[in-house]
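Please work through the exercises below with the sequence and the model at hand. Each task is followed by a solution in steps.

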Amino acid sequence: MIKIRKFEFSPFSENTYVLWDESTLQAAIVDPGCYEEKEEIALDEFVNSNDLRVDYLINTHCHIDHIFGNVFVINQYKPKFIVPEKDLPLLRDASMQGEIFGVDIASSPEPDDFITEDDDLQLGESVLKFLFTPGHTPGEYCIYSPEDNFCITGDVLFYQGIGRTDLWGGSHPVLLKSIRNKLFKLPDQTVIYPGHGQKSTIGYEKLNNPFLR
């Protein structure tokens with residue numbers, strides 16, 4: 001069984017997730033948004049106090065608020081680092097993104113591998129699947145656990161909202177297609193954990209999301 005801990009970090013109020021297999025304590029950090037030292041400390045204290053072994057760092061997409069903590073996580077835990085290949089230009093241009101938003105960001109290390117729908121991620125005794133959901137960025141992926149009935153939706157689908165499409169490589173029609181053809185095919189009871197804001201369910205968003213009625 002996979003357990004989930006959410007942190008809200010940075011001036012962007014970004015949701016950083018720690019996922020870990022309850023049996024083995026093997027963990028993945030998803031979209032580390034820790035921007036200040038106190039946020040890095042909070043993340044590290046949680047990892048250490050729960051005896052987690054962070055073996056993976058996953059960026060669902062590579063906008064700056066989701067990669068602020070890449071350098072810290074990689075230096076601290078030496079995980080395997082995986083990102084969407086089509087978002088690699090965003091990862092490499094992090095400083096340019098920072099200049100536009102008026103924030104500083106260290107250059108991220110290069111990834112060890114790329115996310116694909118063909119390769120599941122074995123996290124201890126649990127399995128995570130990847131769903132290709134472009135539109136907010138050219139390469140974004142959501143992370144789905146059929147066994148534990150949840151989906152990390154990044155900046156694709158929020159509680160009563162969807163990701164913005166006016167940034168680099170965004171496309172409103174592509175985003176809506178990703179949600180309808182990938183996320184809305186999941187069971188209605190699937191809990192979604194978005195990149196900002198509160199959690200929801202697929203069924204609730206089908207009925208109540210004003211962008212998708």
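The exercises that follow concern a predicted model and treat its largest pocket, a buried aspartate, backbone angles and salt bridges.

**Exercise 1. The largest pocket**

Task: State the volume of the largest pocket and classify the residues of its lining.

Solution:
- Step 1. The largest pocket holds about 180 Å³ of space.
- Step 2. Its lining includes the aromatic residues Phe12, Phe101 and Phe158, together with His63, His136 and His196. Asp65, Asp155 and Arg164 also belong to the lining.
- Step 3. Sorted by class, the lining comprises 5 nonpolar, 4 polar and 3 charged residues.

**Exercise 2. Aspartate 155**

Task: Locate aspartate 155 in the fold and determine which side chain of opposite charge is nearest to it.

Solution:
- Step 1. Aspartate 155 sits in the loop that joins strand E10 (150–154) to strand E11 (157–158), and it is among the residues lining the largest pocket.
- Step 2. The residue is buried and has no salt bridge. Arginine 164 carries the nearest side chain of opposite charge, at 8.1 Å; a salt bridge requires a distance within 4 Å.
- Step 3. The side chain of aspartate 155 does make a polar contact, at 3.4 Å, with the side chain of histidine 196. Histidine 196 is likewise a lining residue of the largest pocket.

**Exercise 3. Positive phi angles**

Task: For leucine 25 and aspartate 31, give phi and decide whether each is buried, partly exposed or exposed.

Solution:
- Step 1. Most residues other than glycine have a negative phi.
- Step 2. Leucine 25, although not a glycine, has a positive phi of about 65°. Its place is the loop between strand E2 (14–21) and strand E3 (26–30).
- Step 3. Aspartate 31 also has a positive phi, near 55°, and lies in the loop between E3 and helix H1 (37–49).
- Step 4. Leucine 25 counts as partly exposed because its relative accessibility is 26%. Aspartate 31, with a relative accessible area of 2%, is buried.

**Exercise 4. Salt bridges**

Task: How many salt bridges does the whole structure contain, and how exposed are the partners of lysine 38 and arginine 53?

Solution:
- Step 1. The search of the whole structure finds 8 salt bridges.
- Step 2. Lysine 38 pairs with glutamate 36, with the closest N and O atoms 3.7 Å apart. Lysine 38 is exposed at 59%, whereas glutamate 36 is partly exposed at 37%.
- Step 3. Arginine 53 forms a salt bridge with aspartate 55, the closest N and O atoms lying 2.9 Å apart. Arginine 53 is partly exposed at 42%, and aspartate 55 is partly exposed at 23%.

Note on methods: Residues numbered from 1 in each chain as written. Predicted model: local features only at pLDDT ≥ 70, side-chain atom pairs only at ≥ 80, totals over all residues. Heavy atoms only, no water. 1 Å grid on protein atoms, 1.4 Å probe; cavity = no way out; pocket = protein on both sides within 12 Å on 5 of 7 lines; lining within 4 Å. Points joined across faces, edges and corners; volume = space filled by probe spheres on them. Nonpolar A, V, L, I, M, F, W, Y, C, P; charged D, E, K, R; others polar. Helix = DSSP H or I, 4+ residues; strand = E, 2+ residues; numbered from the N terminus. Buried < 20%, exposed > 50% of the residue type's maximum accessible area, 1.4 Å probe, protein only. Lys, Arg positive; Asp, Glu negative; His and termini not counted. Polar contact = N/O pair within 3.5 Å; in protein donor to acceptor, adjacent residues only side chain to side chain.
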